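Open the model in your viewer and keep the selection tool at hand. The tour moves from one selection to the next and says what is there.

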Amino acid sequence: MPDSSVNDSAGAAHDQLLTEVSTDYYLDNKSKVEIAKARGISRFQVARLLLQARETGVVRIEINGPRHLDGDRSRGLAALLAVREVAVVRTGADVAATRDHVARELARVLAERVTERASVGISWSRTIEVAASYIEALPPCDVVQLVGALPVAGSGNSLELIQRFKSIPGVRTWPVWAPLVVADGATAAGLSRQPEIAQALRRADALDVAVVAVGAWAPSLSTVFEHATEDERAAAAAGGAVAECSGRLFDDAGAPVRTPLDERIVGVTIDQLARTPEVVVVGYGADAARGLRAAVTGGFATTLVVDEAAAAGLERLLDEERSTD
């Protein structure tokens, strides 16, 4: 006959472990990796313990959504735009604070979208770079770099970003070891034929999820704008370019605007993004609204992560569209 006292003791020890791991994670803000290392177990065991703690009532989570995470507003925008989700976060006191708010929400969305063995395309922007720092774990998957490197003062670049994903256990990365914008078309074509770069760019044809940023095509609003020549900017204006995504320009309909700048870009194309089932697009500020709307219209945005200012801009655009129907 089994010794019930032994079973009771084991059950009590397990309950104690659930309590301690939950305290470490939820109250002491320790990462799953830190907890696993301290207790001599795997990160996945920690994740299972946390799930069990919620299922058994050891942990009860109550969510009181703050005013700036207005579910009705987000759902209303998603319905009007006919996209999967619009996540709206608070506009901060300055650009850095806004970027951080958007990045934290982007990290949440990305963690929800990525499944085991998925192929995940990651473009570069300062917001995406910050978001990556908030991602502790992902299911085993492939992360494909979608654009070459673009160093920006006060920030990292896409090569540093892909290295961040490489450090996550179970993640295999496909880097693009090249600049985003090069001197001429011949150089871009030559780099794109390099085996490692070509392999990464080909994988952009079969992504499950992509994460990209959209910026208005204007000074200070697009990190690529300053790299364009006067002739390229003139061609962009003549073609009706309103926004930029991963170095690619597009108009109000979301259609690519072809300019000589395209020949100097090493990275994903709008057409490749349009073929991707799930594309998470990030943007903030009122100036981003027009480009975000165009990305939806063009069929290469299925989820938006924006701040209140961008959301208000989208609402104004939608109102204008309805008034002219």
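## First stop: a covered loop residue

Select S246. This residue is buried, with a relative accessible area of 6%; the cut-off for buried is under 20%. S246 is found in the loop between β7 and β8. Check its backbone too: phi is near 55°, a positive value in a residue other than glycine. Keep in mind throughout that this is a predicted model.

## The sheet around that loop

Now show the strands on either side of S246. Strand β7 covers residues 243-245 and is joined to β8 by 3 bridges, with the two strands running antiparallel. For one pair to centre on, pick A243, which stands opposite F250 in β8.

Add β6 to the selection. The three strands form an open sheet in the order β6-β7-β8, with antiparallel pairing. Which strands stand at the edges? They are β6 (215-216) and β8 (248-250). Each has a single partner strand, so one side of each is left without a neighbour in the sheet.

## A second positive phi

Jump to A82 for a counterpart. Phi of A82 is near 60°, again a positive value in a residue other than glycine. A82 sits in the loop between α4 (71-81) and β1 (85-89). Is A82 buried or exposed? A82 is exposed, with a relative accessible area of 68%, while S246 is buried at 6%.

## Strand β5 and its partners

Select residues 209-213. This is strand β5, and it is mostly covered: 5 of its 5 residues are buried. Colour the side chains by direction. V209, V211 and A213 point one way from β5. A210 and V212 point the other way.

Next, bring in the strands that pair with β5. Strand β2 (residues 119-122) pairs with β5 in the parallel sense over 3 bridges. Zoom in on G121, which stands opposite A210 in β5. Then add strand β9 (residues 278-283). β9 and β5 run parallel and are joined by 5 bridges. Here the pair to pick is A213 and V282, with V282 in β9 standing opposite A213.

Stay on β9 and select V279, which is found in this strand. At 0% relative accessibility, V279 counts as buried. Draw a distance from V279 to A210, C-alpha to C-alpha. The two are 69 residues apart in sequence and 4.7 Å apart in space. Show the contacts of V279 as well. Leaving out residues up to four places away in sequence, V279 touches A210, V212, L273, F300, A301, T302 and T303.

## Into the core

In soluble globular proteins, nonpolar side chains tend to be buried together. Which residues have the most contacts inside the largest nonpolar core here? They are L146, F165 and L304, in a core of 91 residues. Helix α5 (residues 95-113) gives the largest share of this core, 6 residues. A second, separate core has 7 residues, including L18, V21, A36 and L50.

Return to L304 and list its contacts. Not counting residues up to four places away in sequence, L304 touches L81, E85, V86, A87, V281, L292, V296 and L314.

## A buried arginine

Select R293, in helix α12 (residues 289-297). At 16% relative accessibility, R293 counts as buried. That follows because the cut-off for buried is under 20%. What surrounds R293? Leaving aside its neighbours within four places in sequence, R293 is in contact with L81, L314, L317, L318 and E321. L81 and L314 also appear among the contacts of L304.

## Zoom out

Finish with the whole chain.

- The protein chain has 13 helices and 10 strands.
- Its C-alpha atoms fill a box of roughly 85 × 50 × 35 Å along the principal axes.
- Of its 325 residues, 48% are buried.
- Among contacts between residues at least 6 apart in sequence, 67% join residues at least 24 apart.
- The accessible surface comes to about 15,800 Å², and 52% of this belongs to carbon and sulfur atoms.
- There are 34 positive and 44 negative side chains, and the centres of the two sets lie 3 Å apart.

Definitions and conventions: Residues numbered from 1 in each chain as written. Predicted model: local features only at pLDDT ≥ 70, side-chain atom pairs only at ≥ 80, totals over all residues. Heavy atoms only, no water. Helix = DSSP H or I, 4+ residues; strand = E, 2+ residues; numbered from the N terminus. Buried < 20%, exposed > 50% of the residue type's maximum accessible area, 1.4 Å probe, protein only. Contact = heavy atoms within 4.5 Å. Core = buried A, V, L, I, M, F, W, Y, C linked by side-chain atoms within 4.5 Å. Areas by Shrake-Rupley, 256 points an atom, 1.4 Å probe, with all protein chains shown as cover. Lys, Arg positive; Asp, Glu negative; His and termini not counted. Charge placed at Lys NZ, Arg CZ, Asp CG, Glu CD. Pairing = 2+ DSSP bridges.
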